[in-house]
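Welcome! Take a moment with the sequence and the model below, and then we will walk through them together.

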Amino acid sequence: MNSPMSSEKKILFEANKIHLVRIEILKCHIDSPFELSVERIKGYEFKMDFDLGFNLEDKLIKADFKLSIVSKSDTTNFEEATGEFLFTFIFNVENLNELASVNKKKHITLDGKLGNAIASITYSTTRGILFTRLKGTSLEGFILPIIDPNELLHLERK
């Protein structure tokens, strides 16, 4: 017969144990050609990269988010606007030792909920930073779209 304690699953992930301790903008470069008016821009193409690093001893996770943006205008006579960005986020996770494990090849397996939370916080915070940084440039109409944060985690594994 199972006791009530053995049938209950211990909840390891707790959002309030994640602390965003630092955000660094390591690269913020925008080329906004004078000849290109915002009205001529019909859309944007962008590429992103996401990478996680760990310091298990200090219970830290480093999330690097890289983004490049190119405008797509209705003219071929001018250069397109471009943007290159690199953001680094440092998180302290109080119970990281319970949510991350290291195998013999020194590969870290992370609790899915924690990985999702780190990706979500990184991505949505980046959206807000970009919104303010792009104001007054040819890229001001670009808003980082809403995605499944697990897409970022899969980018990191490629």
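Is S71 buried or exposed? With a relative accessible area of 0%, S71 is buried; here buried means under 20% relative accessible area, exposed means over 50%, and partly exposed lies in between (1.4 Å probe, protein chains only). Before we go further, please keep in mind that this is a predicted model, in which local features need pLDDT of at least 70, side-chain atom pairs count only at pLDDT 80 or more, and totals for chains, interfaces and linings use all residues. Residues are numbered from 1 along each chain as its sequence is written, and side-chain values use heavy atoms, with hydrogens and water left out.

Let us stay with S71 for a moment. This residue is found in strand 3; helices (H or I, at least four residues) and strands (E, at least two) are DSSP runs, numbered from the N terminus. The side chains of S71 and E80 are joined by a polar contact of 2.5 Å. A polar contact is a pair of N or O atoms within 3.5 Å; within protein, one must be able to donate a hydrogen and the other to accept it, and residues adjacent in sequence count only if both atoms are side-chain atoms. The S71 side chain also reaches the backbone nitrogen of A81, at 2.8 Å. If neighbours within four places in sequence are left aside, the residues in contact with S71 (heavy atoms within 4.5 Å) include L36, I41, Y44 and L139.

Now step back to the sheet. Four strands make up an open sheet in the order 1-4-3-2, with antiparallel pairing; two strands pair if DSSP finds at least two bridges between them. At the edges are strand 1 (18–31) and strand 2 (41–55), each of which pairs on one side only. On average, neighbouring strands of this sheet are turned by 15 degrees against each other, direction ignored. For that angle, axes are lines fitted to C-alpha atoms, for helices over the stretch in contact, and angles run from 0 to 180 degrees between N-to-C directions.

Strand 2 and strand 3 (residues 60–73) run antiparallel and are joined by 14 bridges. Following the two strands across from each other, you will find D51 opposite D64 and M48 opposite L67. The two strands form a hairpin with four residues between them. One residue to look for in that turn is K59, which has a positive phi of about 60 degrees although K59 is not a glycine. K59 is partly exposed, with a relative accessible area of 30%. A second such lysine is K106, also not a glycine, with a positive phi of about 65 degrees. K106 sits in the loop between strand 5 (100–102) and strand 6 (108–110), and at 72% relative accessibility this residue counts as exposed.

What lies inside? In soluble globular proteins, nonpolar side chains tend to be buried together. Here the largest nonpolar core has 34 residues, and F65, L67 and L114 have the most contacts inside it. Such a core is a set of buried Ala, Val, Leu, Ile, Met, Phe, Trp, Tyr and Cys residues joined through side-chain atoms within 4.5 Å. Among the elements that each supply at least two residues of this core are strand 2, strand 3, strand 4 (82–93) and helix 4 (150–157). Helix 3 gives the most, with seven residues. Leaving aside neighbours within four places in sequence, F65 is in contact with residues including M48, F50, F85, Y123 and L152.

Finally, look at the rings. There are five aromatic pairs in the count; rings of Phe, Tyr and Trp (its six-membered ring) pair if their centres lie within 6.5 Å, and planes under 30 degrees apart count as stacked, over 60 as edge-to-face and the rest as tilted. The rings of Y44 and F142 have centres 5.6 Å apart and planes at 75 degrees, so this pair is edge-to-face. Because Y44 lies in strand 2 and F142 in the loop between helix 3 and helix 4, the pair ties together parts that are 98 residues apart in sequence. F142 counts as buried at 5% relative accessibility, while Y44 counts as partly exposed at 25%. F46 and F142 form an edge-to-face pair too, 5.5 Å centre to centre with 65 degrees between the planes. F46 is partly exposed, with a relative accessible area of 31%. Together, ring pairs link Y44, F46 and F142 into a cluster.
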